[in-house]
Structures are given as structure tokens and as C-alpha cells.
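This report is for a reader who meets this structure here without earlier acquaintance. It takes up the ligand and its surroundings, then the sheets and their helices, and last some details of the backbone.

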Amino acid sequence: MAPIYLDNAATTPCDPAVAEVMMEYLTPEGLFANPASRSHLLGWQAEQVVEQARRQVADLIKANPREIVWTSGATESDNLALIGAARAYRHQGQHIITSAIEHKAVLDSAHWLAQEGFEVTYLQPDAQGVIHPEQVIEALRDDTILVSLMWVNNELGTINPIPAIAERLQSHPALFHVDAAQAAGKLPIDMQQVPVDLLSLSAHKVYGPKGVGALFVRREPQALIEPLIHGGGHERGMRSGTLATHQLAGMGKAFEIAAQRMSQDHDHLQACRDAFLKALEPIEYIHHGGQAHQVPNLLNLGFTGIEGETLLMALPDLAVSTGSACNSASVDPSFVLTGIGISREQALSSVRFSFGRFTEVEEASRAGQWVAEAVTRLRTP
Ligand SMILES: Cc1ncc(COP(=O)(O)O)c(C=O)c1O
């Protein structure tokens with residue numbers, strides 16, 4: 001029997017409707033033409049498919065389709081936002097603000113910029129993983145050109161008050177970049193209401209394919225970014241490279257479904273989470289970030305006295321992760337958990353469980369029972 005997959009924060013399977021759409025743009029019978037080919041009808045038709053996908057992605061975040069720049073995923077979107085904006089605004093200042101528990105795509109871009117001479121302030125989150133508007137305002141300087149914060153933390157599920165921070169930043173010229181990879185499809189995102197300048201998106205967290213994403217780049221007021229990838233001038237010069245019609249059509253379909261199903265998905269994830277937690281009632285655990293507003297699909301739990309890796313080995317039929325997948329090769333405790341003040345030992349005893357559209361409530365309950373049994377067994381002297 002296949003393991004129960006509770007690692008949807010690392011990646012989600014493609015919705016079957018997404019995979020079906022993607023197949024239309026690959027084979028000789030399909031619309032495989034280069035969407036930049038202007039010399040024949042097939043190229044024009046492929047371009048229309050790409051533009052429809054652009055509208056579908058824009059619609060989920062209430063943006064103008066012309067504000068969507070295709071990328072290879074949220075990692076590239078974050079790189080393009082930070083490095084692209086920093087280089088474009090370098091003449092106005094060299095100070096950047098972010099937080100200590102961002103995704104590595106943001107933190108490593110910030111470190112890179114520090115080597116280029118930029119100065120980076122890393123805000124410290126509270127014990128739940130939240131960055132507060134006052135902290136951002138206090139850190140602002142006359143030479144601050146960019147603030148970059150995530151909407152939902154990928155290890156904790158904690159939600160940052162992005163609308164409030166964006167509102168407070170209105171009186172300062174710095175651009176505001178938000179990594180929404182874990183927020184899209186989980187929270188309502190409205191770029192007409194929330195004055196964010198740059199927003200990173202990924203398809204594979206929203207039941208779309210891996211290897212494709214987008215960066216929202218506001219047009220009014222215009223956010224400027226210098227491209228990182230040159231050649232051909234695609235995406236209005238911001239990101240060159242032949243557009244992958246099948247990937248984009250898949251992302252578009254995934255975002256369309258996410259918009260239609262947001263409240264249904266939310267209720268389902270909540271039901272999975274409740275069933276899982278109910279099964280954990282017999283045991284003691286710590287819910288990291290549990291006092292904050294959190295998305296319903298993700299639980300980061302600490303099991304005092306048991307190493308997360310040991311617990312995972314005791315649960316071979318459960319696909320979950322200790323810390324973020326990007327760091328799974330190292331045995332260091334999660335920097336996100338230690339970043340919110342959790343001890344090294346406690347961090348190493350933590351496991352992230354994340355539910356998805358295709359998790360069955362009964363599976364979540366069964367997984368919870370397995371965890372409770374394994375924890376009880378491992379705690380028995
Ligand atoms: C918050 C956050 N940002 C960025 C990324 C990177 O996204 P991608 O895998 O599309 O490059 C992820 C996923 O790992 C994420 O959770």
C-alpha cells in the first residue's frame with residue numbers, strides 16, 4: 001500500500017485536470033509550437049494558450065495579466081525580485097529588510113546582495129513566527145529600497161499580517177516583495193487592495209506542475225526590476241527564454257481550480273487537520289506557532305524526548321518531513337524553529353505534517369493514530 005502522503009507543503013501532486021490540460025501541448029498532435037513564433041498560426045495559437053494561463057494566474061491574485069512574469073518557480077521569482085529590484089534601485093539606496101526565517105531563496109539572494117555591497121537587516125520574528133508591522137517600520141531607513149517578507153511560512157504555516165505591513169509601507173518609497181508560494185490558493189490574495197509591489201508564486205504548491213512559477217510585478221506605480229536571464233527579450237525583457245506552454249497551461253489551470261475551490265479546499269484541510277489532532281489527543285506534543293493565525297494545511301509539532309528522524313523511521317508508511325525539504329540533506333535543526341526561539345533539541349524533535357486536497361480525512365485520522373502509537377512506544381522506557 002502506498003504511504004499516506006502528508007508532505008503537501010513540500011509539493012502537491014498535480015490535479016488530474018491539470019495533467020490532462022498539459023498533455024494538449026506536448027505531442028505532434030498537440031499545440032506544441034513555440035508561443036513566440038510569429039510566422040505561423042500554430043505559434044499564435046500557442047501564444048493564446050499562454051495568455052489565457054496568464055489571466056488565470058492573475059485572476060487568483062486579482063492582478064492585471066500584464067503584471068505576471070513567468071519564471072521557473074518561486075525560487076527564481078524570489079531571486080528576480082530581490083536581486084532584480086536591488087540592482088534597479090541601487091542608485092536610490094543600498095538597504096534591504098527581510099526576516100531571519102524566510103525561505104532560502106530569499107535569504108540566499110539577500111546574502112548574495114550583501115556580497116555586492118548591499119546592507120541587509122534581518123528582522124527577528126516573535127515566538128509564533130510572526131513579523132509585526134511596527135518592526136518593519138522601525139527598521140526602515142532613508143536608504144531602504146526593498147522589504148521582502150513571506151506571506152505564509154513554509155515550515156510553520158504561520159501567516160504574516162501582509163496587508164497591514166503593506167499599508168504601513170505606503171508612506172515609504174521602498175518596494176515591498178512578498179513570497180506567496182505557500183499562501184496562494186490558501187488565503188484570499190488581492191493585489192488591487194493590498195499595495196504589494198512584487199509577489200512570488202509557484203505552481204507545484206497549488207496542484208500544478210513543478211518547475212514553473214510567476215512573479216507579479218506591479219505596473220502602477222511601476223516596480224522596476226533588472227532581468228537576471230538575458231536572451232530574446234521575452235516577458236517584456238524581464239525574463240528571457242522560450243515559454244513552456246504545457247507548464248504554463250498547467251499552472252493556469254491549477255490557479256483557476258484554486259480560485260474556484262478555495263473555500264471548499266479550506267474546509268477540507270481544516271477537517272483533515274482536526275481529524276489528525278483528534279487522534280493525537282492521547283499524547284503530549286508542542287504545536288509550534290500554534291498561537292498565531294495559521295493556514296489549515298500545515299502543522300509543525302514537537303515531540304519532546306524523541307528525535308524527529310527516529311519518529312520518521314518508526315513511521316515508514318507516512319510521508320512527512322522534519323523541517324523543510326530543501327534542508328533535508330543536513331542534520332542541523334531547522335533554522336526556522338531555532339529562529340523563533342525553540343531549543344536545538346526541541347527543534348530536532350519536530351515534524352511537519354501537511355495536508356492537501358487529495359488527503360482523505362480518514363487518512364489524516366489514521367496517520368494521527370500511527371503517530372500517537374509510535375510516540376507512546378518510543379516514550380515507553
Ligand atoms: C515559501 C517558499 N518560497 C519559495 C519556495 C520555492 O519554490 P519553488 O520550489 O517553486 O522554487 C518554496 C517551496 O519550497 C516555499 O515554500
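## The ligand and its shell

Helix H3 (residues 74-88) contributes three residues to the shell around the ligand, the most that any element gives; helices (H or I, at least four residues) and strands (E, at least two) are here DSSP runs, numbered from the N terminus. The model is a predicted one, in which local features need pLDDT of at least 70 and side-chain atom pairs count only at pLDDT 80 or more, while totals for chains, interfaces and linings use all residues. Residues are numbered from 1 along each chain as its sequence is written, and side-chain values use heavy atoms, with hydrogens and water left out.

In total, 13 residues surround the ligand, and the closest are Thr-75, Asp-179, Ser-202, His-204 and Lys-205; a residue is near a molecule or strand if one of its heavy atoms lies within 4 Å of it. Sorted by class, the shell holds three nonpolar, seven polar and three charged residues, where Ala, Val, Leu, Ile, Met, Phe, Trp, Tyr, Cys and Pro count as nonpolar, Asp, Glu, Lys and Arg as charged, and the others, Gly among them, as polar.

The table lists polar contacts of the ligand, a polar contact being a pair of N or O atoms within 3.5 Å.

| Ligand atom | Side-chain N or O atom of | Distance |
|---|---|---|
| oxygen | Gln-182 | 2.8 Å |
| oxygen | Ser-202 | 2.7 Å |
| oxygen | His-204 | 2.7 Å |

Taken alone, the ligand exposes 390 Å², of which the protein buries 88%; accessible areas come from the Shrake-Rupley method with a 1.4 Å probe.

## The sheet of seven strands

Seven strands make an open sheet in the order E2-E8-E7-E6-E5-E3-E4, with mixed pairing, and two strands pair if DSSP finds at least two bridges between them. At the edges are E2 and strand E4 (119-123), each of which pairs on one side only. Neighbouring strands of this sheet are turned by 20° against each other on average, direction ignored. Strand E7 (residues 198-202) runs antiparallel to E8 and is joined to E8 by five bridges, and Ser-200 stands opposite Leu-215 in E8.

Two helices lie across E2, E7 and E8: H2 runs at about 110° to E2, and H7 at about 100° to E7. Such angles run from 0 to 180 degrees between N-to-C directions, with axes as lines fitted to C-alpha atoms, for helices over the stretch in contact, and contact means heavy atoms within 4.5 Å.

## The sheet of three strands

Another open sheet has three strands in the order E9-E10-E12, with antiparallel pairing. Strand E9 (286-287) and strand E12 (350-354) stand at the edges with a single partner strand each, so one side of each is left without a neighbour in the sheet. Two bridges join E9 to strand E10 (residues 298-302), and the bridge partner of His-287 in E10 is Leu-301. Helix H7 (residues 245-279) packs on this sheet as well, touching E9, E10 and E12, and its direction makes about 20° with that of E10.

## Backbone details

Most residues other than glycine have a negative phi, and most peptide bonds are trans. Lys-62, although not a glycine, has a positive phi of about 55°, and Lys-62 is found in the loop between helix H2 (41-60) and strand E2 (68-71). The peptide bond from Glu-220 to Pro-221 is cis, with omega near -10°, and Pro-221 lies in the loop between strand E8 (213-217) and H7.

Definitions and conventions. A polar contact is a pair of N or O atoms within 3.5 Å; within protein, one must be able to donate a hydrogen and the other to accept it, and residues adjacent in sequence count only if both atoms are side-chain atoms.
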